[in-house]
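Subject: Structure handover and notes

Dear colleague,

Please find below the structure that I am handing over to you, together with its sequence. My notes come after it, and I would be glad if you read them with the model open.

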Amino acid sequence: MPDLNEQNINSIKQLIRDFAEARDWDQFHSPKNLTMALSAEVSEIIEHFQWLTEEQSENLPQNKLKEVETELADTLIYLIRLADKLDIDLWDATLNKIKINEITNNIYDNMWVSNSSINNR
């Protein structure tokens with residue numbers, strides 16, 4: 001399986017776009033509808049983990065793991081389609097968000113260290 005990269009995301013985006021256009025589904029793929037579908041798919045992932053212990057959730061039986069895999073794929077399809085409809089470059093958006101998280105988490109880490117030092121005096 002190839003590594004995930006910008007080219008692969010764009011290839012998947014085009015496959016999804018072609019699939020929808022071939023079935024005349026574009027008329028139904030408004031951002032609102034895609035967001036609702038995305039939410040429903042995430043809920044289907046949650047169903048597989050609801051009421052499991054942490055250990056059970058990390059050791060799913062093969063058949064359950066396959067079902068989760070399918071739901072994750074459904075979720076990714078809707079996410080990519082939504083980004084496509086909104087003309088959002090998911091690759092760039094993801095890299096930008098990781099940078100933001102690094103900055104934010106460094107700030108919070110530094111605040112925690114500062115507060116811990118004060119509280120330990």
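The notes below go from the overall fold to the contacts between side chains and then to the surface.

This is a predicted model, in which local features need pLDDT of at least 70 and side-chain atom pairs count only at pLDDT 80 or more, whereas totals for chains, interfaces and linings use all residues. Residues are numbered from 1 along each chain as its sequence is written, and side-chain values use heavy atoms, with hydrogens and water left out.

Overall fold

The secondary structure comes to five helices and zero strands, where helices (H or I, at least four residues) and strands (E, at least two) are DSSP runs numbered from the N terminus. Along the sequence this reads as the pattern α-α-α-α-α. Of the 121 residues in the protein, 17% are buried; here buried means under 20% relative accessible area, exposed means over 50%, and partly exposed lies in between, with a 1.4 Å probe and protein chains only.

Two pairs of positions show where parts of the chain that are separated in sequence come together in space. Leu79, in helix α4, and Leu34 are 45 residues apart in sequence, while their C-alpha atoms are 7.9 Å apart. Asn33, which lies in helix α2 (residues 31-49), has its C-alpha atom 9.1 Å from that of Leu82, with the two positions 49 residues apart along the chain. Both Leu79, with a relative accessible area of 34%, and Asn33, at 30%, count as partly exposed.

Salt bridges

How many salt bridges does the structure hold? There are six, a salt bridge being a side-chain nitrogen of Lys or Arg within 4 Å of a carboxyl oxygen of Asp or Glu. In general, side chains of opposite charge can pair when their charged atoms come close.

One of the six is formed by the side chains of Asp26 and Lys85, at 2.7 Å from N to O. This pair links distant parts of the chain, since Asp26 sits in the loop between α1 and α2 and Lys85 in helix α4, 59 residues apart. Asp26 is partly exposed, with a relative accessible area of 33%, and Lys85 is partly exposed as well, at 32%.

Two further salt bridges lie within helix α4. Glu67 pairs with Lys64, the closest N and O atoms being 3.8 Å apart; because these residues are three apart in helix α4, about one helical turn separates them. Glu67 counts as partly exposed at 35% relative accessibility, and Lys64 does so at 31%. Glu69 forms a salt bridge with Lys66, with 3.0 Å between the closest N and O atoms, and these two are likewise three residues apart in helix α4, so that about one helical turn lies between them. Salt bridges that share partners also join Arg17, Asp26, Arg81, Asp84 and Lys85 into one network.

Aromatic pair

A search of the whole structure finds one aromatic pair, where rings of Phe, Tyr and Trp (its six-membered ring) pair if their centres lie within 6.5 Å, and planes under 30 degrees apart count as stacked, over 60 as edge-to-face and the rest as tilted. The pair is made by Phe19 and Trp25, and it is edge-to-face, with 5.5 Å from centre to centre and 70° between the planes. Phe19 belongs to helix α1 (residues 6-22) and is partly exposed at 42%, while Trp25 is partly exposed at 36%.

Surface patches

Patches are made of residues with over 30% relative accessible area and no salt bridge, like charges being joined within 9 Å and nonpolar side chains (Val, Leu, Ile, Met, Phe, Trp, Tyr) within 5 Å. Phe19 and Trp25 recur here, making together with Phe28 a nonpolar surface patch of about 320 Å², an area that comes from the Shrake-Rupley method with a 1.4 Å probe.

The surface also carries a patch of negative charge, in which Glu6, Asp87, Asp89 and Asp92 gather. Asp87 is found in the loop between α4 (62-85) and α5 (90-119), and it is exposed, with a relative accessible area of 71%. For such patches Asp and Glu count as negative and Lys and Arg as positive, with His and the chain ends not counted, and the place of a charge is taken as NZ of Lys, CZ of Arg, CG of Asp or CD of Glu.

With best regards
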